[in-house]
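Dear colleague,

Please find below the structure that I am handing over to you. My findings follow it, arranged by topic.

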Amino acid sequence: MSTAADYARFAQMLLNGGALDGQRLLSRKTVELMTLNHLPPAMCPFMPPDQPFRTGYGMGLGVRMVTDVAQTGALGSLGSFTWQGAASTDFWVDPVEELIGISLPQIFPGEYRAAQEFRVLTYQSITD
C-alpha cells in the first residue's frame with residue numbers, strides 16, 4: 001500500500017536515474033539494468049492476447065519497457081517503462097519526454113481504458 005504522492009515520488013526517482021531530493025537511492029546502473037529488456041525475442045510478446053499494452057514491450061526487472069513504439073500502437077517513446085497493477089492502476093516513466101504518468105482509478109477487475117486514454121491525452125499535450 002502507498003499513496004499517490006509516494007508513488008509519484010517513486011516514479012520521479014526512477015525518472016531521475018535513481019536520485020530524489022538530492023539523495024541517491026538507487027545507482028544509475030541499477031535503474032539502467034531494471035529498464036533493459038531481459039527477454040529473448042522468442043518470448044515476446046509475453047502477455048496473454050487479451051491484455052492491454054501487449055506488443056512492442058520487453059520485460060525488465062520489475063517493469064515493462066517499450067522496445068518498439070510502432071508495435072505498441074500507442075503514443076510514447078522508445079525506452080519508456082511501465083507497470084500495471086490490480087484495480088486498474090498504471091504508471092509509466094518516459095525519460096525521453098522527461099515525464100511520469102500515474103493512474104489509480106481503483107476499478108476491479110482491471111480495466112485499463114482510462115489509463116490508455118490518460119496516456120494519449122498526456123502525449124497529445126506535448127507541444128515542443
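Helices and strands are here DSSP runs, with at least four residues for a helix and at least two for a strand, and they are numbered from the N terminus. Asp21 is found in the loop between strand S1 (19–20) and strand S2 (23–24). Please bear in mind throughout that this is a predicted model.

Backbone and loops

Asp21 has a positive phi of about 55 degrees, although it is not a glycine. Is Asp21 buried or exposed? Because exposed means over 50% relative accessible area, Asp21, with 58%, is exposed.

A positive phi is also found at Ala87, about 60 degrees, although this residue is not a glycine. Ala87 is located in the loop between S5 and S6. The limit for a buried residue is under 20% relative accessible area, so Ala87, at 11%, counts as buried.

Ala87 also has a partner from another loop. Pro109 and Ala87 are 22 residues apart in sequence, and 5.9 Å apart in space from C-alpha to C-alpha. Pro109 lies in the loop between strand S7 (99–103) and H4. With a relative accessible area of 60%, Pro109 is exposed.

Two further loop residues may be noted. Pro40 has its place in the loop between H2 and strand S3 (57–59), and is partly exposed, with a relative accessible area of 42%. The C-alpha atoms of Pro40 and Met59 are separated by 9.6 Å, and the two residues are 19 residues apart along the chain. Ala74 lies in the loop between helix H3 (69–72) and S5, and at 38% relative accessibility it counts as partly exposed. From C-alpha to C-alpha, Ala74 and Ile100 are 16 Å apart in space, and they are 26 residues apart in sequence.

The nonpolar core

Which residues make up the largest nonpolar core? This core has 12 residues in all: Ala11, Met13, Leu14, Leu15, Leu20, Val31, Met34, Val63, Met65, Phe81, Phe91 and Val93. The elements that give two or more residues to this core are H1, H2 and S6. H1 gives the most, with four residues.

Aromatic contacts

The count of aromatic pairs comes to five. Trp92 and Phe118 form one such pair, with 5.5 Å from centre to centre and 70 degrees between the planes. Because planes over 60 degrees apart count as edge-to-face, the pair of Trp92 and Phe118 is edge-to-face. This pair links distant parts of the chain: Trp92 is in strand S6 (residues 90–94) and Phe118 in helix H4 (residues 113–124), 26 residues apart. Trp92 is buried, with a relative accessible area of 1%, whereas Phe118 counts as partly exposed at 34% relative accessibility.

Tyr7, Phe10 and Phe91 form one aromatic cluster. Phe91 is also among the residues of the largest nonpolar core. In addition, Arg64 lies over the face of Tyr57, at 4.5 Å from the ring centre.

The largest pocket

The largest pocket holds about 150 Å³ of space. Its lining consists of Leu14, Leu15, Gly17, Val31, Glu32, Thr35, Leu36, Met65, Gly79, Phe81 and Pro95. Helix H1 (4–15) and helix H2 (28–34) each supply at least two residues of this lining. By character, the lining residues of the pocket divide into seven nonpolar, three polar and one charged. Leu14, Leu15, Val31, Met65 and Phe81 are found in the pocket lining and also in the largest nonpolar core.

The cavity

How many cavities of 30 Å³ or more does the structure hold? There is one cavity of 30 Å³ or more. About 80 Å³ of space lies in the largest cavity. Of the 13 residues that line the largest cavity, Tyr57, Val66, Leu75, Ser80 and Arg119 are the closest to its centre. Tyr57 is also the residue whose ring face has Arg64 lying over it. Strand S5 (81–84) and H4 each supply at least two residues of the cavity lining. The residues of this lining divide into seven nonpolar, five polar and one charged.

With kind regards

Note on methods
Residues are numbered from 1 along each chain as its sequence is written. This is a predicted model: local features need pLDDT of at least 70, side-chain atom pairs count only at pLDDT 80 or more; totals for chains, interfaces and linings use all residues. Side-chain values use heavy atoms; hydrogens and water are left out. Rings of Phe, Tyr and Trp (its six-membered ring) pair if their centres lie within 6.5 Å; planes under 30 degrees apart count as stacked, over 60 as edge-to-face and the rest as tilted. Buried means under 20% relative accessible area, exposed over 50%, partly exposed in between (1.4 Å probe, protein chains only). A charge sits over a ring if NZ of Lys or CZ of Arg is within 6 Å of the ring centre and within 35 degrees of the ring normal. On a 1 Å grid over the protein atoms alone, a cavity is a set of points where a 1.4 Å probe fits but cannot get out, and a pocket is an open set with protein on both sides within 12 Å along at least five of seven lines; lining residues have an atom within 4 Å of a point. Grid points are joined across faces, edges and corners, and a volume is the space filled by probe spheres set on the points. Ala, Val, Leu, Ile, Met, Phe, Trp, Tyr, Cys and Pro count as nonpolar, Asp, Glu, Lys and Arg as charged, and the others, Gly among them, as polar. A nonpolar core is a set of buried Ala, Val, Leu, Ile, Met, Phe, Trp, Tyr and Cys residues joined through side-chain atoms within 4.5 Å.
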